[in-house]
Amino acid sequence: MEKHVFLRLCDMLKEKELLRHSNGVRVEEKVAIFMLAVGHNERNRILQERFQHSGETISRHFNAVLDAIVALADDFLVPAGPDTPTEILENPRFYPYFKDCIGAIDGTQIPAMVGLDEQVPFWCRKGFISQNVLVACSFDLQFQYVLAGWEGSAADSRILDSALTRCDRLIVPEGKFYLADAGFANMPQFITPYRGVRYHLKEFGGNRPKYAKELFNLRHASLQNAIERAIGILKRRFTILQLQPQYPFESQVKIVLACCILHNHIRRECINDLIFNDENLQNLLETDPRMQQDSECPTLGRNRQREVASELRTSIADAMWNDYQRRRRG
């Protein structure tokens, strides 16, 4: 985080009266303590030595800043609106085919620390204890929605079901949809790629798509890549999300939310941030084995909804393929 971005964050927390100076500790120092903890996973003992405060003081200020940043959620995690994103509107590869697409959605595993008697449901398929976090983002890499705290073994579709029905629910405007990977059910609000068809760019090996489904999957992957990049940037910037943090689980959930809020703050205040512009970021992205797995969600898996989503996907793929063929012949 660059200096002006850090100071803007401090000013915002003071303006909203979420943090204030206390005896011997200014707001800027409190935020610096927090940033070192989440950015570099610095332990309390190291922070004590660096800031010359007791362990209790470090812990108190960390938690105060954590709660203050989480309180900014409504300001930074803004639901998608009905307008077509600029990234789609200005790109003939995507417009008008994805004109009703408002973002991308996915789940990601964040290492967690829980008690021995709670560990079984938190073991994820990748072989470690984690919380499964559902995130949605815009195509300019800002998070729009975050639902943290689910056990690592929970299916993405089950978490999505919760996100759509809880009080702080994920809002999808009427007639709009998110792009999702094949770990989700194909539904009108969440369009997934075709299964059993080449998807990622590297699978094409420089060859052109051969039919409509391949072209759809290729362009779906190009847009869906936004959520993979956002997650990759988030984990790279905040080291605490790569390791098992030694905090109560309730705090671990808040830390994920706080890191997403800070991610959006940096994106807004510093569009040329080095990590956002890192061309090597692709090496950090997770490969997702769920592309070949089936996913069932009792609430979302109604046959009629699947039919509507399938018809929508087919209409997009056919229109895209017809225009693609016409341009090649021209």
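**View 1. Gln 52, exposed in a loop.** At 64% relative accessibility, Gln 52 counts as exposed (that means over 50% relative accessible area, with buried under 20% and partly exposed in between, using a 1.4 Å probe and protein chains only). This is a predicted model, in which local features need pLDDT of at least 70 and side-chain atom pairs count only at pLDDT 80 or more, while totals for chains, interfaces and linings use all residues. Residues are numbered from 1 along each chain as its sequence is written, and side-chain values use heavy atoms, with hydrogens and water left out. Gln 52 sits in the loop between H3 and H4 (helices are DSSP runs of H or I with at least four residues, strands are E runs of at least two, and both are numbered from the N terminus). Its backbone is worth a look too: phi of Gln 52 is near 60°, a positive value in a residue other than glycine.

**View 2. Asn 41, a buried loop residue with positive phi.** Asn 41 isn't a glycine either, yet its phi is positive, about 55°. You'll find Asn 41 in the loop between H2 and helix H3 (44–51). Here the side of the accessibility scale flips: Asn 41 has a relative accessible area of 10%, so it is buried.

**View 3. Ala 71, in the loop between H4 and H5.** Look for Ala 71 in the loop linking helix H4 (55–70) and helix H5 (73–76). With 46% relative accessibility, Ala 71 is classed as partly exposed. Now find Leu 18: it is 53 residues away from Ala 71 along the chain, but their C-alpha atoms are separated by 7.9 Å.

**View 4. The cis peptide bond at Pro 96.** The bond running from Tyr 95 to Pro 96 is cis, and omega is near 10°. Pro 96 belongs to the loop between helix H6 (86–89) and S1.

**View 5. H2 packed against H4.** Helix H2 (residues 27–40) packs on H4 at an angle of about 90°, the axes being 9 Å apart (axes are lines fitted to C-alpha atoms, for helices over the stretch in contact, and angles run from 0 to 180 degrees between N-to-C directions). That makes H2 roughly perpendicular to H4 (65 to 115 degrees, with under 35 roughly parallel, over 145 roughly antiparallel and the rest oblique). H2 brings Lys 30, Val 31, Ile 33, Phe 34, Ala 37 and Val 38 to the contact, and H4 brings Ile 58, His 61, Phe 62, Val 65, Leu 66 and Ile 69 (contact means heavy atoms within 4.5 Å).

**View 6. H1 against H10.** Helix H1 (residues 3–15) and helix H10 (residues 249–269) have axes that come within 10 Å and cross at roughly 120°. The pair is therefore oblique. On the H1 side you have His 4, Val 5, Arg 8, Leu 9 and Met 12, which meet Leu 262, His 265, Ile 266 and Glu 269 of H10.

**View 7. The open sheet and its edges.** Here 5 strands line up as S3-S2-S1-S4-S5, in an open sheet with mixed pairing (two strands pair if DSSP finds at least two bridges between them). S3 and strand S5 (190–191) stand at the edges with a single partner strand each, so one side of each has no neighbour in the sheet. At the S5 end, strand S4 (residues 177–179) runs parallel to S5 and is joined to it by 2 bridges, and Tyr 178 stands opposite Phe 190.

**View 8. The S2–S3 hairpin.** Strand S2 (residues 130–137) pairs with S3 in the antiparallel sense over 6 bridges, and Cys 137 stands opposite Phe 143. The hairpin has 5 residues between its strands, among them Leu 141, which takes a positive phi near 70°. Strand S3 (residues 143–151) is mostly covered, with 7 of its 9 residues buried.

**View 9. Helices lying across the strands.** Helix H7 (residues 156–165) lies across strand S1 (101–111), S2, S3 and S5, running at about 120° to S3. H10 lies across S1, S2 and S3, and runs at about 165° to S3. In H7, 8 of the 10 residues are buried, so this helix is largely enclosed by the rest of the structure. Among the buried ones are Asp 156, Ile 159, Asp 161 and Leu 164, and what covers the buried residues of H7 includes S1, S2, S3 and S5.
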